[in-house]
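Please open the model in your viewer and keep the sequence panel visible. The tour below proceeds by selection, one element at a time.

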Amino acid sequence: DQAVARLADYVITGEADRKFAELCAQLLQGHKPDRKVLAAELPDLHSLVLPYDFYTDRDVAHRIIYVEASRGCPFTCEFCLSSLDIPVRQFPLADLLAHLENLLDRGVNQFKFVDRTFNLNLNASKAILDFFQERYRPGMFLHFEMIPDRLPEALRELIARFPAGALQFEVGIQTFDEAVAERIRRHQNYAKLADNLRFLREKTGVHIHADLIVGLPGESLATFGRGFDQLVSLRPQEIQVGILKRLRGTPIVRHDTEWTMVYNPHPPYEILQNKLISFADMQRMRRFSRFWDLVANSGNFVESTPLLWQDSGSPFGGFMRWSDWLHAQVGRSHSIALVHLVESLFAFLSDVLGQDRKCVAEVLWRDYQRGGRDDRPVFLKPYLPTESPTLRRNSRSGIPKRQARHLSHIADE
C-alpha cells in the first residue's frame, strides 16, 4: 500500500469527475461509504461540464493551459497506465472549441493537449487544427501527443500550414527493436513512423519531442544504442531518454522473473537493473539521459552536439563517451553552469577527440550566442576573431525558450 493511500480517508480509482462529487454529497449528508477504495465508473464525457472557465486571469498570465479533447489510449503498452484506459472517447467538439475560443479571447497563446493519441480520430484532429490555424497569431504554441505511424495526407496538409515553432508533437516511439515492442505489446509500423518523421522535419516547422525508454525487457545497451542512432538520423529536435518505471497496476511485472527486472521500491519506481543491463550500466544511462537533456535537448548546443560523434559515426557511442568523461570530471549530473558546460565541451572536443581548436571554438561561440548571450568566455577568446558577426535572434516572441533556440538554428542556416 502507498503511504498516501494509507493517510487518505477514501481513495477513488479511475476517472473521478462524477464519483468525487457523489462522495462529497454523500459525506455532507452524513452517510459514510462502507469501503475506503471506491471504483469510479467511466463518465459519459458528453455529460461533463468542461472546466476551462475556472482558469483565473493569473493562470492565464503565468501558467501553461492544459486541455483535453479525448481520453483513453488505443495502445496496450505494458509499462503504461494509459493502456488500461479503453476505449478512447471524445469530448463534444463544439463545446470544446467554444471554450478554446473563450481562452483565446482572454489572451491564452499556449495550449498543451493532454490527449494520449491526438491524431487517432482524424475528424477531431482536423477540426482542432483548422480552428487554431484560422485563428493563428504570433506566439501561439500548441503541444500534442501523436501516434507516430498515423499521419494521412489530410493532416499533413494542415500541419504544413502552421509557421515554424507553432506546433510541438510528442512522439512516443519507446523502442526500435521489433521483438521488444512485440514483447511489451506496443504495435507500430516503423516504416511509416520513419516516413512521417522525415516529412515533419523536411516539410513542416513542427518541433518534435521523441521518446525512447531504457530498460525494457529484452533490450540491451547495444540494441538500445542502435535504436537511438536510428532516431537521431530522423532528426527530431529533442529525444527524451526515459528510464523504465514499474507503475502500479501495469502488466509489465509479468516479465520480472524471465528478465530479472529489479526496480526501486520507492517512487518513481525506476528500474535498477535487469538481465541484460547491469546496475552500473543503468547508472551510466541515467547520466546519459541527464547530459543529453542538458546538451542536445536544451537547444544550447545545436551545432556543437553532432561534433561529439562525427568521428565515431555512432551518436549513441559518441555521446556515451562524452557522458562518461564529463561525469569523471565533475562527479555529478546536476548543477552544472552553462559556461562550465561550454568549457567542458571545448576541452573534450579539442583535447580528447583532437578536433581543431579554432573550429570547435567558433561552433561553440555560435551556439553560445543563440541563447541571447554576447559575453565571450575567456577560454574561447584566443581562438575567435576580434570581430565576428552577431547571429540573428529568433524574433518569434512567445514561443518557449527551449524550442526557440532550436528554431534559431534553422534561421541561421
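Two strands are said to pair if DSSP finds at least two bridges between them. With that term in hand, and bearing in mind that this is a predicted model, begin with the strands.

**First stop: strand 6 and its partners.** Select residues 110-113, which form strand 6. Then add strand 3, residues 65-67; these two strands pair in the parallel sense over three bridges. Within this pairing, Val67 stands opposite Phe113 in strand 6. Next, add residues 141-146, which are strand 7 and also pair with strand 6 in the parallel sense, over three bridges. Here Lys112 stands opposite His143 in strand 7. To follow the chain between strand 6 and strand 7, display helix 5 (residues 122-134), through which the chain crosses; this β-α-β crossover is right-handed.

Now show the side chains of strand 6. Which of them are buried? Phe111 and Phe113 point to one face and are buried, while Gln110 and Lys112 point to the other face and are not. In a regular strand, side chains alternate between the two faces of the sheet.

**Second stop: the core.** Phe111 also belongs to the largest nonpolar core, which has 111 residues. Phe111 is among the residues with the most contacts inside this core, as are Leu100, Phe132, Leu200, Phe228 and Trp322. The largest share of the core, eight residues, comes from helix 10. In soluble globular proteins, nonpolar side chains tend to be buried together.

**Third stop: Trp322 and helix 12.** Select Trp322 and display its surroundings. Beyond its neighbours within four places in sequence, Trp322 is in contact with Val295, Leu308, Leu341, Ser344, Leu345 and Phe348. Helix 12 itself spans residues 338-352, and its buried residues include Leu341, Ser344, Leu345 and Phe348. An α-helix has 3.6 residues a turn, so residues three or four places apart point the same way. To see what covers the buried residues of helix 12, add helix 10 (279-297), helix 11 (315-330) and helix 13 (357-370), which are included in that cover. Just after helix 12, select Gly354, which takes a positive phi of about 75 degrees.

**Last stop: helix 13.** Where is the cap at the N-terminal end of helix 13? Select Asp356, which caps that end: one of its side-chain oxygens lies 3.2 Å from the backbone nitrogen of Lys358. Among the buried residues of helix 13 are Val360, Leu364, Trp365 and Tyr368. The helix is followed by Gly372, whose phi is positive, near 90 degrees.

Technical notes
Residues are numbered from 1 along each chain as its sequence is written. This is a predicted model: local features need pLDDT of at least 70, side-chain atom pairs count only at pLDDT 80 or more; totals for chains, interfaces and linings use all residues. Side-chain values use heavy atoms; hydrogens and water are left out. Helices (H or I, at least four residues) and strands (E, at least two) are DSSP runs, numbered from the N terminus. The expected span of a helix is 1.5 Å times one less than its number of residues. Buried means under 20% relative accessible area, exposed over 50%, partly exposed in between (1.4 Å probe, protein chains only). Contact means heavy atoms within 4.5 Å. A nonpolar core is a set of buried Ala, Val, Leu, Ile, Met, Phe, Trp, Tyr and Cys residues joined through side-chain atoms within 4.5 Å. A crossover is right-handed if, with the strands pointing away from the viewer, the path from the first strand over the helix to the second runs clockwise. A polar contact is a pair of N or O atoms within 3.5 Å; within protein, one must be able to donate a hydrogen and the other to accept it, and residues adjacent in sequence count only if both atoms are side-chain atoms.
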